[in-house]
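Here's a quick look at a few residues worth pulling up on screen. Have the sequence and the model side by side as you read.

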Amino acid sequence: ESDDGLDAAFFWFDTHTWTLRFAGARLSLHVLHPEAEQFQTVAGQRMGVGYVDSGMDYQWEMHSVPLESGSLIFITTDGLTDQIGGVKNIAFGKRRVFESL
């Protein structure tokens, strides 16, 4: 009767083409290219792994992201963004994570 599962991210980096392949189970990838002002977000699927509604034959979509030398990649679980605190005692949130980075 348990509905325990997990969020996951899988990466494959091709050093010859500088291409990052990514598949996310309830996690998104964020890329900051060297000259960019903001992160590019590559959304993962809304389906996790091992939950009751996760089909045994579910296929997570693979994304190909070209990278440049000096690009930064970032991924986090909701454990960071949902942290409660500060003067207003609210969740830290994605916006503040990106501003901090």
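Let's begin with W18, which sits in the loop linking β1 (8-14) to β2 (19-25). Bear in mind that this is a predicted model. The backbone at W18 has a phi near 55°, so we have a positive value in a residue that isn't glycine. As for its surroundings, W18 comes out as partly exposed because its relative accessibility is 38%, between the 20% and 50% cut-offs.

Next up is N89, again with a positive phi: the value is near 55°, and N89 isn't a glycine either. You'll find N89 in the loop between β7 (84-85) and β8 (90-91). Is N89 buried or exposed? With a relative accessible area of 53%, over the 50% cut-off, N89 counts as exposed.

Then there's F98, which belongs to helix α2 (residues 93-100). Its relative accessible area is 24%, and since that lies between 20% and 50%, F98 is partly exposed. Which residues does F98 touch, once neighbours within four places in sequence are set aside? The contacts are H30, F39 and F74. E68 makes a handy distance marker: F98 and E68 are 30 residues apart in sequence, and their C-alpha atoms are 20 Å apart in space.

Here are the accessibility values side by side.

| Residue | Relative accessible area | Class |
|---|---|---|
| W18 | 38% | partly exposed |
| N89 | 53% | exposed |
| F98 | 24% | partly exposed |

Technical notes
Residues are numbered from 1 along each chain as its sequence is written. This is a predicted model: local features need pLDDT of at least 70, side-chain atom pairs count only at pLDDT 80 or more; totals for chains, interfaces and linings use all residues. Side-chain values use heavy atoms; hydrogens and water are left out. Helices (H or I, at least four residues) and strands (E, at least two) are DSSP runs, numbered from the N terminus. Buried means under 20% relative accessible area, exposed over 50%, partly exposed in between (1.4 Å probe, protein chains only). Contact means heavy atoms within 4.5 Å.
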